[in-house]
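Work through the exercises below with the sequence and the coordinates side by side, attempting each task before reading its solution.

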Amino acid sequence: MGERTAGRQVDVLVIGAGQCGLAAASELATTGLTYLLVDSDAVGDSWRARYDSLTLFTPRDLSFLPGRGLSGDPLGYASRVEFADYLAAYALDGGFPIETGEEIASLQKLGPRFLAVSKSGAEFTARAVVIATGAFRQPRIPPLSQGLSSVITQLHVEAYRNAGQLPPRPVLVVGDGASGRDAAAELSQYHETYLARGRPRRLLPERILGRSIWWWMRKLGLLQASPESMIGRAMRRTDPFPIVGGTTRH
């Protein structure tokens, strides 16, 4: 992994070598097609770079990739380092062709093939492309923040590691997603903390009648529901959020 293959031609190019890219590679390995995964970072490093207390949002028995389970309590939540190590081991054991250190900057269709060009100028052509980079790679910082006093410490969650980074003053966490709630829960142990949310969320308990909420969601078919199905549309409207120990897990 990591060996430069500029100008490589393959049947399928997978952009991103995280959990989605590796799952795609596992399937492609059974097809006889030539394929290549390209990522700007080493496998698992995007997880290692997140805040210290991060855990997966789903339990281990719902978070593993094809052919390799996650060791530990199946109903527990893997830490960021545990999951990063898992992804790295999965890639190594699978022997998937992966090129790291190349961030794709452009992608275009040229006749029957796609041409992807990295920031370094490396070119990759393929008959098909799988985009597996995730939806939240770039931090979103509202313009309002530019008008705040320089006395106020501003920190995007991408750069947040632990509560020790912030001075001993009240903290406002802007954003009611999983990361925002995780950070707010941790910061509240050391600071007077406020959480700003855009809309009310329907919070679900972690366990119902002694069973994990994820067990119930799987049994009721909620995890397999299409976004456009009746169940899927209802879930999108209510925007349910499981909670663990008084806060959400990511």
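**Exercise 1: Confidence**

Establish what the mean pLDDT of the protein is, and where confidence is lowest and highest.

Solution. In this predicted model, the mean pLDDT (the predictor's confidence in each residue, from 0 to 100) is 87, and 92% of the residues reach 70 or more. Local features need pLDDT of at least 70 and side-chain atom pairs count only at pLDDT 80 or more, whereas totals for chains, interfaces and linings use all residues. Residues are numbered from 1 along each chain as its sequence is written, and side-chain values use heavy atoms, with hydrogens and water left out. Next, by element (strands being DSSP runs of E, at least two residues, and helices runs of H or I, at least four, numbered from the N terminus), confidence is lowest in strand β12, residues 240-242, at a mean of 60, and highest in strand β2, residues 35-39, at 98. Finally, pLDDT stays under 50 over residues 1-6 and over residues 244-250. Where pLDDT is low, the predicted coordinates should not be read in detail.

**Exercise 2: The largest nonpolar core**

Determine how many residues the largest nonpolar core has, and which element gives the largest share.

Solution. A nonpolar core is a set of buried (under 20% relative accessible area, 1.4 Å probe, protein chains only) Ala, Val, Leu, Ile, Met, Phe, Trp, Tyr and Cys residues joined through side-chain atoms within 4.5 Å. The largest has 33 residues, and Leu22, Leu37, Leu87 and Ile98 have the most contacts inside it. Its largest share, six residues, comes from α3.

Key: Contact = heavy atoms within 4.5 Å. Buried < 20%, exposed > 50% of the residue type's maximum accessible area, 1.4 Å probe, protein only.
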